[in-house]
Amino acid sequence: MFNSRLDPQQHKDAFHALATEKFDVLVIGGGVTGAGAALDAASRGLRVALVEPRDLAAGTSSRSSKLIHGGLRYLEQYDFRLVREALQEREAMVTSLAPHLVKPVAFLYPLHEKLKDRTYVGAGLALYDVLRGFQRALPWHKHLSQKSVAEIAPSMRQDIVTGAIKYFDAQVDDARHTMMIARTAARHGAIIALGASCESLVRDGKRVVGAVVRNVETNELITVNAGVVVMCAGVWSDELHEKFGLKPGYEVRMSKGAHIVLPGSAIKSEVGIILKTPVSVLFVIPWGDKWIVGTTDTEFDGDRNEPLATRDDIDYILAQANRVLEPQLKYEDIIGVYAGLRPLVSRKADASTTKLSREHTVDRPAAGFVSIAGGKYTTYRVMAQDVIDLGAKELRGEVKKSATDKLPIVGADGYGALVQQVPLIARESGLSETTVVHLLNRYGSLISEILELIEKDSTLAQLLTPELPYIRAEIHYAASHEGARSIEDVVSRRTRLAFEAHDGADFLLEAIADIIAPILNWNSRARAESIKQYKVISESERISARELLPVAEKISS
Ligand SMILES: Cc1cc2nc3c(=O)[nH]c(=O)nc-3n(C[C@H](O)[C@H](O)[C@H](O)COP(=O)(O)OP(=O)(O)OC[C@H]3O[C@@H](n4cnc5c(N)ncnc54)[C@H](O)[C@@H]3O)c2cc1C
């Protein structure tokens with residue numbers, strides 16, 4: 001009946017629907033919270049539209065550490081309820097909701113003082129394992145001797161690490177996952193409008209009854225009618241509340257977190273590593289055949305749209321990682337860098353409408369308008385359920401209960417069986433088994449749609465570049481099924497070429513444009529504009545990351 005495909009025709013239809021239909025719920029924001037809210041509402045049987053000015057996950061939701069975790073550091077703050085909730089979400093995602101995208105990942109927690117550390121950290125990790133309850137998809141933690149650590153992680157400094165505890169969490173490509181949630185919402189009838197910015201609210205007396213949405217490409221203004229407007233705007237919340245003339249009970253502070261990406265050869269370890277730092281923790285996270293290392297935590301008041309990592313951020317990450325790693329990581333090892341902004345909520349002194357939990361906050365600053373901010377990626381589903389529960393009270397008639405705890409996202413259905421059929425799929429399709437596994441981990445059972453493209457055009461089976469596992473069909477599919485509308489969407493979020501390929505993937509832009517231009521109906525000007533727009537972003541990222549290089553290095557480079 002409904003279709004999860006986000007293609008140029010769907011894009012056009014979405015704007016038509018915004019202008020002509022009456023929605024129960026209008027969601028502002030296409031991050032994981034907004035996509036989750038759209039899915040939650042649509043799967044309750046409500047008529048839903050989501051508007052996002054840039055791209056799905058263009059904000060914080062493509063820039064996280066990509067961990068689906070309980071948050072070990074909350075244990076130290078005795079916030080057991082929060083940890084348990086996140087661990088239950090982790091379990092559900094790994095086993096049933098998104099097993100194709102959310103994968104277990106092992107970490108070592110290095111120990112320095114033999115007895116004291118082992119007792120304290122061991123007790124913490126035992127509690128971490130216990131808090132998830134009876135469902136145990138991920139293995140139990142394990143104590144390791146110094147000798148075992150040397151075997152598993154030869155890069156760990158033997159002179160200061162006396163042993164370790166190995167434990168499990170999970171990881172996800174956040175931008176892909178958010179996009180797949182939005183596609184699932186579309187499959188349940190939600191209208192997903194990208195390039196659609198909410199500019200103001202429409203009121204009937206004091207009640208909000210819709211919003212004015214701008215088509216970013218044409219500048220056309222559209223009045224959207226909705227029973228309730230649900231704002232999930234992350235670090236844009238304060239700005240939008242003010243623009244809409246609303247006084248919510250909370251504020252959102254921005255905290256910047258940066259990551260660096262390194263080649264696999266930079267660190268010799270079979271598993272990830274978590275390090276306690278003076279202010280928080282640092283993760284060394286396996287990412288395919290690479291490593292992601294981060295993060296930082298600094299106040300931010302710059303451009304929300306493009307937070308940039310600075311040389312200070314990078315130096316901090318290298319210094320913290322180098323406390324336990326040998327050989328030491330160097331600036332020259334870095335392939336890519338990215339930074340994101342945490343939406344941290346705090347209650348306003350005179351707040352009466354706000355329900356503030358330790359992590360996320362829901363609010364109803366006006367009749368017909370609810371909002372949510374804060375939280376973490378891992379608990380997006382619970383956050384979405386909370387805000388739609390609150391929004392449902394604004395609607396006439398009975399609204400069904402949330403169904404998302406049992407609703408797998410697109411691609412999850414049948415994934416378990418397909419994993420067992422890898423050799424068969426490889427034989428049938430002519431792809432290598434490595435490529436089939438790569439595709440299954442990105443599309444799940446939607447792999448069939450990629451294979452259909454290859455059947456029609458066998459050149460799409462070719463690798464985009466020998467240095468990375470992406471095939472050309474994936475670039476095509478990004479524009480024909482996944483809502484990508486620019487080079488940046490493809491390079492930064494549908495794939496992660498922006499930080500996985502050298503030079504920010506500049507050498508691939510023409511080849512990518514060749515594939516997507518006919519799907520997006522681009523003329524030569526539109527094509528050149530999209531390439532240029534991406535180059536501006538990648539260049540400013542490079543400049544920011546190098547800004548504090550010693551003068552001698554700048555001159556020689
Ligand atoms: C460095 C870092 C590391 C993190 N690591 C983890 C982790 O490992 N695990 C974890 O669980 N969590 C992690 N988090 C937290 C997690 O990433 C965020 O909590 C989550 O992504 C926030 O999602 P969101 O949808 O609320 O916000 P966003 O993803 O920012 O979405 C808000 C959206 O609103 C849109 N918007 C803005 N203005 C308008 C408008 N006028 N009209 C319509 N839409 C608008 C924006 O374009 C944006 O897409 C991390 C965060 C950071 C910064």
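In the predicted model, a backbone N or O atom of Leu-67 lies 2.7 Å from a nitrogen atom of the ligand. A second backbone contact is made by Ser-65, where an N or O atom of the main chain lies 2.9 Å from a nitrogen atom of the ligand, and a polar side-chain atom of Thr-33 is placed 2.8 Å from an oxygen atom of the ligand. Of the 1,000 Å² of accessible area that the ligand has on its own, 96% is covered by the protein.

The shell around the ligand consists of 35 residues, of which the closest are Thr-33, Glu-52, Ser-61, Leu-67 and Thr-378. By class, this shell is made up of 18 polar, 12 nonpolar and five charged residues. Strand 16 gives the most to the shell, contributing three residues. The domain assignment places the ligand in a wider context: domain 1 (8-61 + 176-249 + 349-406) and domain 2 (101-171 + 253-342) both supply residues to the shell, and the ligand therefore lies between them.

Attention then turns to charged side chains elsewhere in the chain. In general, side chains of opposite charge can pair when their charged atoms come close. In this model the count of salt bridges comes to 40. One of them joins Arg-54 to Glu-306, with the closest N and O atoms 3.5 Å apart. Because Arg-54 lies in the loop between strand 2 and strand 3 (67-68), while Glu-306 lies in the loop between strand 15 (298-299) and helix 9 (311-321), the pair ties together parts that are 252 residues apart in sequence. The two partners fall into separate accessibility classes, since Arg-54, at 28% relative accessibility, counts as partly exposed, whereas Glu-306, with a relative accessible area of 19%, is buried.

A further salt bridge is formed by Lys-243 with Glu-199, the closest N and O atoms being 3.6 Å apart. This pair links distant parts of the chain, with Lys-243 in helix 8 (residues 237-243) and Glu-199 in strand 8, 44 residues apart. Lys-243 counts as partly exposed, its relative accessibility being 46%.

The side chains of Asp-514 and Arg-527 also meet in a salt bridge, for which the N to O distance is 2.8 Å. Asp-514 belongs to helix 18 (residues 509-516) and Arg-527 to helix 19 (residues 524-546), so that the pair ties together parts that are 13 residues apart in sequence. Asp-514 counts as partly exposed at 48% relative accessibility, and Arg-527 counts as buried at 19%, a value that falls under the 20% limit for buried residues. In addition to these pairs, a network of salt bridges links Asp-55, Glu-488, Asp-489, Arg-493 and Arg-494.

A residue of another kind is Met-93, which lies in helix 4 (residues 80-97). With a relative accessibility of 0%, Met-93 counts as buried. Between Met-93 and Lys-147 the separation is 54 residues in sequence and 34 Å in space, taken from C-alpha to C-alpha.

Notes
Residues are numbered from 1 along each chain as its sequence is written. This is a predicted model: local features need pLDDT of at least 70, side-chain atom pairs count only at pLDDT 80 or more; totals for chains, interfaces and linings use all residues. Side-chain values use heavy atoms; hydrogens and water are left out. A residue is near a molecule or strand if one of its heavy atoms lies within 4 Å of it. A polar contact is a pair of N or O atoms within 3.5 Å; within protein, one must be able to donate a hydrogen and the other to accept it, and residues adjacent in sequence count only if both atoms are side-chain atoms. Accessible areas come from the Shrake-Rupley method with a 1.4 Å probe; for residues, only the protein chains shown count as cover. Helices (H or I, at least four residues) and strands (E, at least two) are DSSP runs, numbered from the N terminus. Ala, Val, Leu, Ile, Met, Phe, Trp, Tyr, Cys and Pro count as nonpolar, Asp, Glu, Lys and Arg as charged, and the others, Gly among them, as polar. Domain bounds come from an automatic or database domain assignment. A salt bridge is a side-chain nitrogen of Lys or Arg within 4 Å of a carboxyl oxygen of Asp or Glu. Buried means under 20% relative accessible area, exposed over 50%, partly exposed in between (1.4 Å probe, protein chains only).
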